Amino acid sequence: MYKKLTFILILSISVTLPLLAQTIEFVPNKPFRLNAATADINTKSSEKVADERLTNKEGVTLKSGIEQAIEGERDEPDLIFRVKAPDAGRYVMHSYAVTDEEGAALMKKASSKYESMYMRIQIDDQRATKRVVYVPWDRPLQRSGKFALTGEEQEIKIWLPRGVRLEYLQLQTYVPPKVPEAAVNYKPTMTPPASHPRILVNKETLPLVKARLQADEHKAAWEKVKKAALVPFVFEFDPSEEMSFNADLEVAAEMKAFYYLMTGDREIGREAIELMAPYLSHVEFGNLLDITREMGRAIFIASEVYDWTYDLLTEDEKKLMVNNLMRLADDMEIGWPPFLTSIVNGHGNEAQVNRDLLAMSIAIYNENPLPYQYTSYAVLETLVPMRKFEYQSPRHNQGVGYAAYRFAWEMHAAWLMYRMTDKPAFDDNIKDVSKYFLYMRTPNGQMLRDGDGFGAGAPGKPYYWKSPMVMFLMSAYSADPVVKGEFLRHGGLNSNPVLFLLLNDPELKAEPSLESLPLTIDFGPILGSMITRTGWDISDESDDVVAEIKGGGYHFGNHQHADAGSMQLYYRGFQLGDIGLYKFYGTPYDLGFNKRSISHSMMLAVDPDEEFYRSKANDGGARFNQRAPTSAEQVQTDPWFDNGKVVSASYGPSEMKPPFSYFSVDLEGAYSYKISKYTRSFMFLNLENESVPAAIILTDDMQTSNPNFKKYWQINTLNVPEKTADGLILNSKRGDKVGKTHVQMLVPSPDKRTIEIFSGEKANSAFETQFEAPPSSHPEGRANRIMISPENANGRDRFLTVFQIVDGNTEPLPINYKETDVSYVIYLADRVISMSNSSELIDKSFLIDIPSKGKGVYQVALAGLEAGKWVVKNKRGKVELNAQVEDGKNTIFFEAGKGSYTIERVDSA
């Protein structure tokens, strides 16, 4: 049973007609719609207009030639809704509007959320507010925010922007997020000390921070803080008008509060309070996309001021600041209590809990311990165990750009808890995530592509991808000189001298070189992948090769792409890899192409009946997951998050400079039921040859549940490829240097396969569905997709491909190839490589021949072997090598001269 509530809506068709009264019953917590076309319309400025896109087929828009009055230029609103709420309380308002030709043209030109379209809202004679009514992508329904209604008859006045057609407003009783049962009576294991300060510095560490101010490494930052703190900040506002956020004021208050903390200058400390207290009580943030980030920054800095100047605050000031901090907390995207979304992924994993609400709860713990109870529960009981599980693979699931942003906030949480208690809250494996940012670096200073967005500057111009905040927080937390060296290459933390002075250790000397890092990294089982390279030269003249293979582990949704099994290869530019562009989340192009398998270099298999999330396109790729798991238990037990399984990851014999790097992954779980079995194996060879620096051997063994599901072996490249008799030639150029990749497909043979190349706009398609890439100067917007498919329909298809990376017009090295019952054997330069020719590990004997062509000793790598004891015997049956093949590595490496050798398993693991 539910209580029936009454919402009395008094409407007028136009200003000249009498008011009509309607009594409408609605269910609590259900949306209630106010149709604009039946509101009280100002016929001088506005008019009804027919539009088939709208549910009611009509909306309200400004008349031609009428200027908008969003900033209060006109007292008379464009329309008025007269309402009587069922009860006094807070109600969530949404608006629904579409654009006309004028608005559509404005939105097409828009490059950011700040060019959204606003309407002006005023309830009765309260202070008016601006709220976004349309954004630069197709999202007609907008959440305007929470508004207090009295339960008496009221007016909701609307001033429209030019270019929109408003169909309705929607009101719904606001219900706060539910507190998890485990958090209701939660007793935190780590709590703030009784004393202040306790945000990023406590009573014990305060003397250390003060002493470090005199270090040479800190002089410039300290001078910057002093200069800013000692300059008065003029702050004036009209309390009758809405006051937008003021980043300069916030920074000024932070500088002054920190200066007081360091020097005890009470006058400057009071200036910080007198800036922040009135600002908090009047600032409004509206509903701009992701405005919670700007709101959170205000909460965080206000919390610093509160904590660092605590002994200067009056009781009234404490009460005012606490009340307004909680007011702003209530408007955060994650809600209050902070459980509207998960803290482990999405926007909930950003600053709003990890820094902003956590800092607030620490600052006001004495006055109100409940916020800390809730935020510490989210951090300590949800985020910390999840990351302990995830960071077994030292990379971030959201891709380079979002990783840098979100991981920086996790590091804030780590630092806030550590500096508050002098004890770490997170598992030590959080320190290893820096490896992800180091290894993703390409020789031209960009980053390998991963997730939404990518680390690339303007085409043709020097560029070094930077995220100084995340590199600083990691280097300071892990006390790693190599990471500190990378932080300095990112340009330092000039924009945040206060944080730098709080956390930097001037005695930790930066290591400028990356040469101490191995050339290959295996990222482990949670986010399966391997990155390997021929060197650490990051410069305009670098001739290093970098390659990545990924797949296996788990899929964490949101900005992670459906790219299990995908490859990237860089040599004097990107030879092959990803071609998606990211501008706005959730557009048809974003969900149908950018995030999908089709924009990555990986295998596709088309079931004509398969459907994908929010996309009409069927690209034949991996399953599409946009849902994030909330716990380590869920991600391991729910098959929805399955992204395949890493079978093998091995490199050596030198750890620092391995001649081979091998990765094999079972990808059946990453695809839908259409795939019965699929394994991709990757062998990278560092040939140490200036003309042919590296090669890759790639095997694919895919079986579909229906032999009529057509398979496509696909690679994507930025420059138009050249077809050859046995494959392709890819190319890229950096400066005057040209790099090429000769792609030779050995299985299937040319007479048993077809090849298609889609270039330019045609590349931005998924079979019959054509997409429009967002405007961009980057070549990804008009790139090339190469698709090779077997001539005949088969349940099972195998592919064996060799990539040779060569300097300019250098001819590729000759390749010899044979197949045993269980393996492919490739002869290239002084290497002999054996790889399983199926999805199974090799568990029986086979023979390989080492040729004699003046090469002398060959390096032999045998991959895909079942774990256990193996022997290598010469032609006479003498054992040349006893080898223990490790589970998860499945390789043997040795050197041998001419002859026939039997590879024999002598017992089980």
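Which residue forms a salt bridge with D590, and how far apart are the closest N and O atoms? The legends below start with that pair and then visit other corners of this predicted model.

**View 1. D590 and K595 form a salt bridge.** The partner of D590 is K595, and their closest N and O atoms are 2.5 Å apart. Are these two residues buried or exposed? D590 has a relative accessible area of 1%, so D590 is buried. K595 is buried too, because its relative accessible area is 0%. Here is the idea behind such pairs: side chains of opposite charge can pair when their charged atoms come close.

**View 2. E610 and K674 meet through their side chains in a salt bridge.** The N to O distance is 2.7 Å. E610 sits in the loop between β19 (603–606) and α17 (632–637), while K674 sits in the loop between β21 (660–666) and β22 (675–686), so this pair ties together parts that are 64 residues apart in sequence. E610 counts as buried, with 9% relative accessibility. K674, at 0% relative accessibility, also counts as buried.

**View 3. K146 and D331 are joined by a salt bridge.** Their side chains meet at 3.2 Å, N to O. What does this pair tie together? K146 belongs to strand β11 (residues 141–149) and D331 to the loop between α8 (315–330) and α9 (351–363), so the link connects parts that are 185 residues apart in sequence. K146 is buried, with a relative accessible area of 15%, whereas D331 counts as partly exposed at 35% relative accessibility.

**View 4. Salt bridges link five named residues in a network.** Look for R395, D450, E548, K550 and D563, which are linked to one another in this network. For the wider picture, a search of the whole structure finds 59 salt bridges.

**View 5. Helices α4 and α5 cross at roughly 110°.** The axes of α4 (residues 219–229) and α5 (residues 247–263) come within 9 Å. The crossing angle means that α4 is roughly perpendicular to α5. The crossing of α4 past α5 is left-handed. Which residues meet where the helices pass? On the α4 side they are W222, V225, K226, A228 and A229. On the α5 side, M255, K256, F258, Y259, M262 and T263 take part.

**View 6. Five strands make up an open sheet with mixed pairing.** Reading across the sheet, the order is β33-β34-β35-β37-β40. Which strands stand at the edges? They are β33 (815–819) and β40 (891–896); each has a single partner strand, so one side of each is left without a neighbour in the sheet. From one strand to the next, the twist averages 15°. Inside the sheet order, β35 (residues 831–836) and β37 (residues 858–863) run parallel and are joined by 4 bridges. To find one bridge on screen, start at R831, whose bridge partner in β37 is Q859.

**View 7. R74 lies in a loop between two strands.** The strands on either side of this loop are β6 (58–62) and β7 (79–84). R74 counts as buried, with 17% relative accessibility; the limit for that label is under 20%. Leaving aside residues up to four places away in sequence, R74 touches S45, L62, I66, E67, Q68, A69 and W159.

Technical notes:
Residues numbered from 1 in each chain as written. Predicted model: local features only at pLDDT ≥ 70, side-chain atom pairs only at ≥ 80, totals over all residues. Heavy atoms only, no water. Pairing = 2+ DSSP bridges. Axes fitted to C-alpha atoms, helices over the stretch in contact; angles between N-to-C directions. Salt bridge = Lys/Arg side-chain N within 4 Å of Asp/Glu carboxyl O. Buried < 20%, exposed > 50% of the residue type's maximum accessible area, 1.4 Å probe, protein only. Parallel < 35°, antiparallel > 145°, perpendicular 65-115°, else oblique. Left-handed = near helix turned anticlockwise from the far one by under 90°. Contact = heavy atoms within 4.5 Å.
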